[in-house]
2 protein chains.
Amino acid sequence: MEVGFTTKRDLCWLKKPMQNKFSTFSVEDFKDTDAKIIHETLCMEISRLFPNAKEIFEAKAELIFAKSEDDLKEGFCISCFENHNVRILASEEIGYLHGLFALYEILAGERKVTIPYTSVPDQSIRMLNHWDNFDGSIERGYAGDSIFYDRNEFRGDYDLLTQYARLLCSVGINAVSINNVNVHHREAFFIEKPALMHIKKIAAIFSAYGIRLFLAINFAAPIIVGKLDSADPCDPQVKNWWTKVLDGIYEEIPQFGGLLVKADSEGEPGPFTYGRTHADGANMLASAIASHKGVIIWRCFVYNCRQSWKDRSLDRANAAYDLFSTLDGTFAENVILQIKNGPIDFQIREPVSPLFGALHKTNQILEFEITQEYTGHQIDQCYLLPMWKEVMDFDTRYEGISLVKDILREYSPSRKNSGIAAVVNVGMDENWTGNKLAQANLFGYGLLCWDNALSSEEIAERWVRLSFSLEEEDEKKMVDMLMTSRETYENYSCPLGVGFMCKPGIHYGVDVDGYEYDRWGTYHYADRNGVGRERSLATGTGYTRRYSDSRFREYEDVNTCPDELLLFMHHVSYDHVLHSGKTVIQHIYDTHFKGVETVEQYLAFIRTLEGKIEKAEFENILERAERQLAAAVEWRDTINTYFYRKSGIEDEQHRTVYA
Amino acid sequence: MEVGFTTKRDLCWLKKPMQNKFSTFSVEDFKDTDAKIIHETLCMEISRLFPNAKEIFEAKAELIFAKSEDDLKEGFCISCFENHNVRILASEEIGYLHGLFALYEILAGERKVTIPYTSVPDQSIRMLNHWDNFDGSIERGYAGDSIFYDRNEFRGDYDLLTQYARLLCSVGINAVSINNVNVHHREAFFIEKPALMHIKKIAAIFSAYGIRLFLAINFAAPIIVGKLDSADPCDPQVKNWWTKVLDGIYEEIPQFGGLLVKADSEGEPGPFTYGRTHADGANMLASAIASHKGVIIWRCFVYNCRQSWKDRSLDRANAAYDLFSTLDGTFAENVILQIKNGPIDFQIREPVSPLFGALHKTNQILEFEITQEYTGHQIDQCYLLPMWKEVMDFDTRYEGISLVKDILREYSPSRKNSGIAAVVNVGMDENWTGNKLAQANLFGYGLLCWDNALSSEEIAERWVRLSFSLEEEDEKKMVDMLMTSRETYENYSCPLGVGFMCKPGIHYGVDVDGYEYDRWGTYHYADRNGVGRERSLATGTGYTRRYSDSRFREYEDVNTCPDELLLFMHHVSYDHVLHSGKTVIQHIYDTHFKGVETVEQYLAFIRTLEGKIEKAEFENILERAERQLAAAVEWRDTINTYFYRKSGIEDEQHRTVYA
């Protein structure tokens with residue numbers, strides 16, 4: 001490893017020099033052990049964030065941490081600025097740390113709040129999933145190798161991991177799973193002592209910042225690791241084996257969070273092998289972990305990935321709904337279902353998963369993807385907060401609780417076992433995220449999980465202010481760029497919700513038919529007359545019927561279906577007229593030209609930042625933007641040509657569409 | 001490595017037990033050192049092929065090897081069966097060995113010849129190119145890992161390599177390059193002592209069977225290995241360096257054949273970097289190797305692999321012709337240009353490269369691909385001899401020497417520096433070639449290079465008789481299967497010469513648009529009206545004009561262009577009527593249905609072979625055939641659907657074409 005690497009690593013949004021300092025600080029002690037570890041961290045963070053404690057803060061300011069009388073959960077209240085002193089109240093000691101980070105942002109001048117300022121997290125679980133492999137690679141990683149592993153060893157860079165934990169805590173993350181949900185052979189053994197000796201060190205670092213560590217497990221571990229004949233969840237031997245394994249884990253890591261499971265999905269083993277249900281599988285593990293108060297997070301990304309494109313009656317979009325909605329109420333209270341935001345797989349535009357609102361008696365986690373698998377590989381900039389906001393604010397139009405963000409909490413029998421998870425976008429790159437601008441997604445994800453009411457724009461502003469020192473005009477331009485970047489990416493890559501026109505395997509760049517004749521269930525069915533997947537109940541796969549009556553009616557009717565989802569829900573002719581007044585084909589041309597034009601504007605703006613931001617950051621952002629433009633041009637020209645060749649309809653504006 | 005692996009390895013076509021043996025044999029000694037090595041080999045082979053020398057061959061037969069008074073080159077004459085004795089004449093001792101292998105086949109009863117039987121090779125160089133990497137992988141290898149390398153070490157299995165050399169010698173191969181033409185970093189150092197210590201052992205094994213060893217080199221080796229600033233072929237330092245390197249190689253391997261060079265091709269370095277011509281590059285190396293009588297084999301596979309699909313004026317098919325035809329006569333007498341059989345890249349159907357006949361003053365090697373990169377990965381059976389025969393017998397219709405097989409020899413200023421090379425299909429799989437049936441291609445390649453007059457069918461018959469002990473009817477069916485397999489593969493994968501509708505990168509399986517919007521210059525330009533690449537002089541890229549006047553006229557006119565090359569040469573509408581009387585679209589449907597039907601027949605026949613051939617062979621062939629059928633079905637349905645969606649024209653016979 002490069003010597004001194006960690007000292008050079010970008011500290012991201014915690015690197016602003018502070019203008020104000022405190023003369024003293026005092027902390028009211030909490031009793032339990034975990035809290036004491038956090039207490040130490042807190043003291044260290046105070047001296048880091050406010051390094052010169054001898055200088056005064058407008059006369060002689062003191063920073064006082066005291067126990068709140070209200071239940072603030074992991075949150076805090078910055079209660080007053082009495083005599084210029086600052087008082088931070090919390091119910092749990094981790095709340096002090098969150099309060100401290102909030103105070104830092106306020107005093108750095110990047111944020112204005114009204115005092116007293118109380119902040120309590122909206123979601124209980126605010127998690128990151130690492131898809132890191134033991135060999136150091138990251139599945140869908142675009143920012144270098146894993147920060148945890150290097151060539152089948154634990155990297156052991158604890159300074160780096162401390163920085164990482166600190167960064168995550170500063171935006172409110174409280175749970176991290178550290179290995180890929182596709183658990184390969186070597187990683188299957190993470191549940192055994194030799195690996196746990198390393199993992200416990202990582203867990204301790206995370207604990208100091210209030211973060212629980214989780215492991216993804218291989219459902220066939222009883223066979224692979226335990227040398228049993230079976231992994232049948234209904235076999236008492238199997239449950240026995242898991243109980244011992246979990247006892248062993250908790251012996252080393254008392255604060256261990258639990259297990260994350262991808263079962264019966266894309267080739268992974270699962271209960272189906274034994275003719276059991278997913279409830280059988282999850283509940284067996286839940287029972288084995290229950291005495292330790294751990295949880296089992298069970299992914300709902302289960303579908304037939306060997307289906308035939310020839311059979312239009314099959315629909316991958318129906319799969320998770322059909323499987324898990326029927327199991328509602330059958331899961332143990334420490335099982336949580338983790339549901340991807342959309343019914344397919346992290347496309348730039350999908351409808352919201354119909355499972356939200358369909359489950360009333362099951363703990364739920366909403367899963368996002370911060371790492372830009374389908375959204376530009378951290379080459380193309382794509383600020384994802386607007387998309388995540390849409391999902392969380394989505395009104396399912398069921399009676400009663402109807403917004404996704406409320407459903408998560410309110411329909412989870414155990415409220416503390418609900419929340420949000422996301423596949424993270426960091427790696428060994430010095431700026432954590434490959435593209436500097438992709439930091440905004442990690443930052444924003446944390447903030448949004450904590451405070452669901454924040455706007456995408458407010459988050460973008462806060463990230464820009466913490467990360468750069470720009471004049472107001474440039475700050476505004478950068479925020480505008482972030483705010484439009486999702487629409488821009490959608491414009492040049494995904495017309496009207498059609499999705500999956502990317503290169504197979506790699507998922508970067510355009511290949512309109514790349515998945516069209518394949519086994520993955522993601523088809524656009526473009527022919528010489530029209531394009532789109534018919535998912536209506538009347539003439540399609542009936543996907544629309546998985547929603548509430550109101551949403552069903554909206555999506556079922558081609559005349560009320562929102563434009564941006566039209567080709568996801570319906571197959572229509574190229575001359576079908578959208579609500580926008582444009583035909584489908586003209587919309588395709590227009591959005592693709594517009595997408596590239598916007599990227600050109602981004603690039604022009606970025607070029608003006610030379611000398612205004614750090615050189616390395618400027619070069620990084622510029623280099624990525626140049627590659628984005630090249631990619632966007634290919635998306636535009638390929639998609640336009642593809643549909644021109646199919647439809648034979650000319651662009652009304654006679655721009656260059658290659659034949 | 002598995003213990004005893006080499007003893008289990010299939011000996012292929014040299015494993016038949018012999019019915020006849022000799023009482024004694026005598027060999028007339030040759031003088032030079034190389035011949036003595038071969039002499040030893042010869043004696044060993046006699047005892048291997050005719051193990052029980054004490055038993056008599058129709059009374060007391062003797063096997064006599066004597067020097068011929070005619071110039072038989074590497075060939076031989078089985079001059080008589082006097083008193084049941086057998087006399088083999090040769091001019092070079094390697095001829096004895098070839099004569100012995102011929103005798104073995106005759107006595108095994110698998111071949112009938114008229115005595116005296118003289119056989120002299122038609123082509124001087126009969127070469128195999130290994131695309132093996134030092135890490136043990138093989139670029140485009142479908143039969144396991146490399147037989148030479150294993151995880152960046154020399155495998156050192158000399159028994160296996162001896163078997164291999166013997167097998168190659170038995171079909172007349174006399175040259176082998178042992179590393180990938182894409183010379184990666186580690187392999188660039190093969191020209192240095194540490195590697196040469198291993199390579200010389202391989203070379204010695206090959207020499208004993210009359211095979212010269214070649215190395216593929218990296219043109220930038222002076223920089224990578226020599227630490228020079230430049231690899232400029234006109235820099236005296238560079239030439240100096242190469243001279244020393246080659247002196248070093250010949251010091252270790254006096255019988256070293258020479259260098260194989262892929263320059264300025266698909267990302268490989270070359271003379272263009274320094275503004276030099278390919279003649280500059282090749283001649284510099286030729287001069288450096290001249291004192292050792294070595295040769296430089298220079299590949300003509302040079303084209304722009306970063307072109308835009310948007311520019312229809314560019315044509316990769318023109319590239320090799322345009323670059324090398326203008327350099328005719330400028331290459332040193334020990335430079336040989338290696339020219340792929342077609343202008344693109346080893347598709348199942350391409351026109352013959354227009355370079356043949358265009359070069360009159362340049363040594364030439366014709367390059368084939370035995371390894372089934374684009375022809376089914378040794379999963380799908382595809383007996384390639386009919387294709388190779390077409391190329392060698394192709395009449396360029398230039399005046400004078402006009403057949404490709406004659407051009408190779410007659411237009412090479414140094415006749416001994418001409419011939420045929422092919423990328424080989426072997427690996428560590430126990431049957432050498434992954435699919436047992438793919439052995440026929442290696443066997444047939446050797447035979448055809450030696451005797452250009454052999455028919456594909458005769459070669460297939462000889463391979464089937466040597467490899468199996470079948471009843472006549474089954475033998476005939478197997479030969480028929482082999483003989484139709486190329487047409488079958490073409491039927492389901494490549495309509496009318498269009499090519500490259502395969503999955504990018506891997507090159508197995510169907511992806512009609514896989515390369516359509518990419519940078520590789522292989523486009524079919526299918527739209528709602530028609531399909532094909534317009535390469536006429538009148539309205540296309542002018543590729544047709546690269547041929548002789550007669551061929552130009554034939555290809556230029558859509559009415560005289562052969563059906564099988566129509567879409568290679570022209571863009572036509574789907575309802576264009578072929579010489580066959582069918583429309584293009586109906587031809588597509590018909591051939592694709594037929595292709596699958598034929599594979600079904602193959603499979604049915606193969607199932608009847610159970611118990612008639614060795615179990616392992618049966619299972620191998622069956623398993624591959626089942627996978628071939630699945631692949632063929634996907635090719636059929638995808639291509640048919642693709643063109644139905646584009647054209648909107650129904651199959652006249654109303655078979656299932658998915659919408």
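Here is a short chat about helix packing, helix bends and confidence in a predicted model.

Biologist: What are the ground rules here?

Modeller: Residues are numbered from 1 along each chain as its sequence is written, and chains are lettered from A. It's a predicted model, where local features need pLDDT of at least 70 and side-chain atom pairs count only at pLDDT 80 or more, with hydrogens and water left out of side-chain values.

Biologist: Why is helix 3 of chain A called roughly perpendicular to helix 4 of chain A?

Modeller: Residues 93-107 and 158-170 pack at an angle of about 80 degrees, axes 9 Å apart. Roughly perpendicular covers 65 to 115 degrees, so the label fits.

Biologist: What makes the contact between them?

Modeller: Helix 3 of chain A brings I94(A), L97(A), H98(A) and F101(A), while helix 4 of chain A brings R166(A), C169(A) and S170(A); contact means heavy atoms within 4.5 Å. By class that's 4 nonpolar, 2 polar and 1 charged residues.

Biologist: How do you know that helix 15 of chain B has a kink?

Modeller: The bend at a residue is the angle between axes fitted to the seven residues ending there and the seven starting there. Centred on S485(B), the kink is about 45 degrees. In helix 15 of chain A, a kink of about 45 degrees is centred on S485(A).

Biologist: What is the pLDDT of chain A, on average and over residues 1-8?

Modeller: On the predictor's 0 to 100 confidence scale, chain A averages 94, and 95% of the residues score at least 70. Over residues 1-8 of chain A, pLDDT is below 50.

Methods. Axes are lines fitted to C-alpha atoms, for helices over the stretch in contact, and angles run from 0 to 180 degrees between N-to-C directions. Helices (H or I, at least four residues) and strands (E, at least two) are DSSP runs, numbered from the N terminus. Angles under 35 degrees count as roughly parallel, over 145 as roughly antiparallel, 65 to 115 as roughly perpendicular and the rest as oblique. Ala, Val, Leu, Ile, Met, Phe, Trp, Tyr, Cys and Pro count as nonpolar, Asp, Glu, Lys and Arg as charged, and the others, Gly among them, as polar.
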